[in-house]
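Good morning, everyone, and thank you for making time for this. I would like to walk you through some charged pairs and then a piece of surface, so please have the picture ready.

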Amino acid sequence: MIDIIIMLIRSGIVLAFGIAVSILFAGVHPAGAKKLALPVFYSCILLIQLLCWRFLGLEITMKLYPFITHMPLITLLVLYYKRPWLISISSVLTAYLCCQIPRWIGLVVAALLGNPYADHIGYFVAMCLVYYFINKYVADSVRQLMERSKGSCLLFGAVPLLYYLFDYTTTIYTNLLYSGSPEAVQFTPFIISTFYLIFVLLYYNETQKQTKAQRERDILASQFQHAKVELDAMRKMQNNTMIYRHDMRHHLSLIAGFAAEGDLKKIKDYLDSTETTIDALTPIRYCENETVNLILSSFEHKARKRQVTLQTDVRLPEKLDLKDTELCALLSNALENAISAVDLIEDEKLRKVYIQANISGDKLVISTENAYVGNIDMEGDLPKSNKKEAGHGFGIKSMVNIVEEHGGLFSFETEGGVFIMRLLLPLGKAPKKP
């Protein structure tokens with residue numbers, strides 16, 4: 001009688017442990033009215049187990065366990081708690097695998113003490129410790145791993161699934177494991193070795209991806225810093241212009257001295273030199289926004305040096321809900337790419353870059369158009385750089401990164417030998433967190 005009572009208590013605790021660990025791995029957080037669902041479900045499953053045990057016997061009940069316990073638990077996670085099928089199945093299978101830890105500890109304790117009841121005590125104590133460890137240290141990592149991708153969830157759930165099938169096949173439905181069958185005995189080492197090799201391969205690939213991603217982040221951060229430095233240089237140029245204007249009286253005095261001497265050539269040479277210096281320093285006014293004027297003025301000067309015509313249609317207000325560094329990165333990368341592409345064209349009529357920027361509703365719209373030579377290969381939705389040097393191709397990624405952070409849209413396309421870039425950024429909203 002005592003053994004039966006102990007087995008009933010053990011079955012109830014095992015069921016509670018399995019359900020609790022399953023919902024931890026599945027990411028279920030019952031709240032409000034849903035907090036009654038688990039006690040009701042637990043009571044129903046326990047009642048079904050007791051009825052099966054009473055009328056069908058322990059052996060049949062164990063064989064029916066997957067159908068009267070595991071499948072209903074998976075269905076509860078999917079239909080009631082709205083968890084994906086794959087995550088629900090993997091969670092229940094992993095919880096089943098975790099049940100083997102306290103089972104083994106209980107057997108070891110009983111063997112060491114030479115008392116069969118020590119098995120139950122060791123089993124219950126180990127189960128509490130295992131649950132504490134899973135809840136505090138393991139559950140979040142397992143949940144994030146399964147939610148990362150279907151492939152990750154399948155890989156993670158493969159070992160619990162194979163053990164589940166192995167355990168029921170060799171110990172519940174047959175007696176292969178306890179009979180000493182070599183195939184059954186060697187199955188577990190086979191699985192451990194196989195998945196160890198798979199883990200090493202996947203871990204290496206994941207490390208390579210992370211290294212590549214970190215390298216790209218470093219280059220993008222470097223470009224962003226470069227944009228900040230360039231913007232500071234443009235502002236310094238504007239300050240130099242103000243100083244130059246302030247010193248204009250000294251220039252006029254010098255010209256007056258040349259005029260008194262009657263030396264027209266010196267006057268002409270000095271005026272030409274002064275005009276060139278002022279042109280290089282003075283930002284052109286394209287719109288109300290000071291930052292945009294500085295950037296466009298700088299690239300107007302760069303385009304003129306390369307004998308490229310920069311045509312602008314920019315209508316932007318004085319204030320934009322966008323950081324100056326972000327605005328600089330967007331315009332600088334777009335114009336740098338466009339001018340570099342046009343610089344390769346020999347036909348003078350095609351050596352032009354068009355840029356438009358305006359506000360449409362509550363959105364900032366930026367577009368550029370330029371001719372190009374050769375072919376433009378696409379990698380997904382983005383143009384692929386043909387240059388192999390480090391850093392090439394990251395101007396596009398930098399722009400896309402800024403657009404995506406603000407929840408905007410982008411497009412890169414070719415039409416009749418013309419490359420067209422369009423960026424759309426919502427304004428007045430906080431950037432999305434990465």
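Before I point at anything, let me say what I mean by a salt bridge, which is a side-chain nitrogen of Lys or Arg lying within 4 Å of a carboxyl oxygen of Asp or Glu. Please also keep in mind that what you are looking at is a predicted model. The general idea is that side chains of opposite charge can pair when their charged atoms come close.

With that definition in hand, how many salt bridges does the structure hold? The structure holds ten of them, and I will take you through some of these, beginning with Glu-413 and Arg-422, whose side chains meet with 2.7 Å between N and O. Glu-413 counts as partly exposed, because its relative accessibility is 33%, and Arg-422 is partly exposed as well, with a relative accessible area of 37%.

Next, please find Glu-59 and Lys-63, whose side chains also meet in a salt bridge, this time with 3.6 Å from N to O. Where do these two residues sit along the chain? They are four residues apart in helix H3, which covers residues 58-80, so about one helical turn separates Glu-59 from Lys-63. Here the two partners fall into separate classes, since Glu-59 is exposed, at 55% relative accessible area, whereas Lys-63, at 25%, counts as partly exposed.

My third pair is Arg-306 with Glu-336, a salt bridge in which the closest N and O atoms are 3.8 Å apart. Arg-306 belongs to the loop between helix H12 (290-305) and strand E1 (309-315), while Glu-336 belongs to helix H13 (residues 324-342), so this pair ties together parts that lie 30 residues apart in sequence. Arg-306 is partly exposed, with a relative accessible area of 32%, and Glu-336 is partly exposed too, at 31%.

Let me now leave the charged pairs and turn to a nonpolar patch on the surface, which has an area of about 500 Å² and is made by Leu-47, Leu-51, Phe-55, Leu-56 and Ile-60. Which helix gives the most to this patch? That is helix H2, residues 37-56, which contributes four residues. Leu-51 is a residue of helix H2, and, because its relative accessibility is 43%, Leu-51 counts as partly exposed.

That is where I will stop, and I am happy to go back to any of these places on the screen.

How values were computed. Residues numbered from 1 in each chain as written. Predicted model: local features only at pLDDT ≥ 70, side-chain atom pairs only at ≥ 80, totals over all residues. Heavy atoms only, no water. Patch = residues over 30% accessible without salt bridge, like charges linked within 9 Å, V, L, I, M, F, W, Y side chains within 5 Å. Areas by Shrake-Rupley, 256 points an atom, 1.4 Å probe, with all protein chains shown as cover. Buried < 20%, exposed > 50% of the residue type's maximum accessible area, 1.4 Å probe, protein only.
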